[in-house]
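Hi there,

Here is the structure I promised to pass on. Have a look at it first, and then read my notes underneath with the viewer open.

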Amino acid sequence: MRTATYFFIFLNLSLALFEEPAVYPLPFLATSVLEVLCLLVFLGRLTHFAKVTLHNVFWKDTKNICIMVAILLSLTDLAIYGVLRLYGVRSIRWSRIVRPIFLINFAESRQIRRAFRSIRNTLPEITYVFLLFMFSLLMFSLMALKLFGERNLQTAEGLPYFRNYLEIVFDLYVLVTTANSPDVMMPAFDFSSWYALFFIAFVIINTYIFMSLFLAVVYNNYKKHLKVMPGGVCD
């Protein structure tokens, strides 16, 4: 039963690779039949679990309620999408976001549920570090706007350079990953080589200090919650 449950969960999640829009699209009838089959298996598994569980216990378990709601939403969305498709109305499958619920809430997924619960408990404790990082990012973006915004600099494509605050925030956020380095600083560097110091300081503070600190806080808090949970094992 566990192997069959995981197989159909994997199949249900994999449908997103073949549903429109997709790199390898399959006919709508094929994907809809496979999805209905998966949902019927989930419903049968849930019915079987209800037969061997006390009535009060079954209905008090929020995991069972989540699975039933996810099945109902998926079937409703599939029916609406199919009807709209028949009439040539373009729509989207909004119920795809509920598919991971099946992976988390079945009784066989205790370890996944434990990891998910640890992540959920860790999030409030890393909020302060994240807010501190965002404050640093916003302040550097404001400094970049003041330094470069009034100098009428242009990128290699001829676009305005660092004149829109939100675009600056996004560019510097990408710079934290070093994905756009050194391209993002070249217009300023061509204007004056001293402006490279701004980007060097930004990378040192946000990439090497804040990202390392953020990773350490995430790891330590996740490890702590995983260790104190019932049945958790942490070496």
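**What I found**

One thing before you start: this is a predicted model. Let me begin with a space you can look for on the surface. The second largest pocket holds about 190 Å³. Its lining consists of Glu20, Pro21, Tyr81, Arg85, Val89, Arg90, Ser91, Ile92, Arg93 and Arg96. Sorted by type, that lining has 4 nonpolar residues, 1 polar residue and 5 charged ones.

Keep Tyr81 in view, as it turns up again in the ring contacts. Arg93 lies over the face of Tyr81, 5.9 Å from the centre of the ring, and both residues belong to the lining of the second largest pocket.

**Rings that meet**

How many aromatic pairs does a search of the whole structure find? The search gives 19. One of them joins Phe28 and Tyr81: the ring centres are 5.4 Å apart and the planes stand at 50 degrees, so this pair is tilted. Phe28 sits in helix H2 (residues 28–51) and Tyr81 in helix H4 (residues 62–86), so the pair links distant parts of the chain, 53 residues apart. Are these two residues buried or exposed? Phe28 has a relative accessibility of 24%, so it counts as partly exposed. Tyr81 comes out at 10%, so it is buried.

Now compare that with Phe148 and Phe198. Their ring centres are 5.7 Å apart and their planes stand at 85 degrees, so this pair is edge-to-face. Phe148 belongs to helix H6 (residues 110–148) and Phe198 to helix H9 (residues 196–228), so the contact ties together parts that are 50 residues apart in sequence. Phe148 is buried, at 0% relative accessibility, and Phe198 is buried too, at 10%.

Phe148 and Phe198 also take part in a cluster linked by ring pairs. The other members are Phe140, Tyr161, Phe162, Phe191, Tyr195, Phe199 and Phe202. Try colouring these residues to see the cluster.

**The largest pocket**

Tyr161 is a handy link to the next stop, as it is in the ring cluster and is also one of the residues nearest the centre of the largest pocket. About 360 Å³ of space lies in this pocket. The lining is made up of 19 residues, and those nearest the centre are Thr155, Tyr161, Asp171, Asp183 and Val184. Which helix gives the largest share of the lining? That is H7, with 4 residues. Helix H7 (165–176) and helix H8 (186–191) each supply at least two. By type, the lining has 10 nonpolar, 3 polar and 6 charged residues.

**A closed space**

There is 1 cavity of 30 Å³ or more, and the largest cavity has about 80 Å³ of space. Around it you will find Arg45, Leu46, Phe49, Asp61, Lys63, Asn64, Ile67, Asn105, Phe106, Ala107 and Glu108. H2 and H4 each provide at least two of the lining residues. The lining divides into 5 nonpolar, 2 polar and 4 charged residues.

**Backbone oddities**

Most residues other than glycine have a negative phi, and most peptide bonds are trans. Here are some places to check against that.

- Ser181 and Pro182 are joined by a cis peptide bond, with omega about 5 degrees. Pro182 is in the loop between H7 and H8.
- Thr178 is found in the loop between H7 and H8. Its phi is positive, near 60 degrees, though it is a residue other than glycine. With 42% relative accessibility, Thr178 counts as partly exposed.
- Asn152 is not a glycine, yet its phi is positive at about 55 degrees. You can find Asn152 in the loop between H6 and H7. At 58% relative accessible area, Asn152 is exposed.

**Stepping back**

Finally, zoom out to the whole chain. The domain assignment gives domain 1 (1–108) and domain 2 (118–228). Taken over C-alpha atoms, the centres of domain 1 and domain 2 are separated by 39 Å.

Have fun exploring!

Key. Residues numbered from 1 in each chain as written. Predicted model: local features only at pLDDT ≥ 70, side-chain atom pairs only at ≥ 80, totals over all residues. Heavy atoms only, no water. 1 Å grid on protein atoms, 1.4 Å probe; cavity = no way out; pocket = protein on both sides within 12 Å on 5 of 7 lines; lining within 4 Å. Points joined across faces, edges and corners; volume = space filled by probe spheres on them. Nonpolar A, V, L, I, M, F, W, Y, C, P; charged D, E, K, R; others polar. Phe/Tyr/Trp six-rings, centres within 6.5 Å; stacked < 30°, edge-to-face > 60°. Buried < 20%, exposed > 50% of the residue type's maximum accessible area, 1.4 Å probe, protein only. Lys NZ or Arg CZ within 6 Å of the ring centre and 35° of its normal. Domains from an automatic or database assignment.
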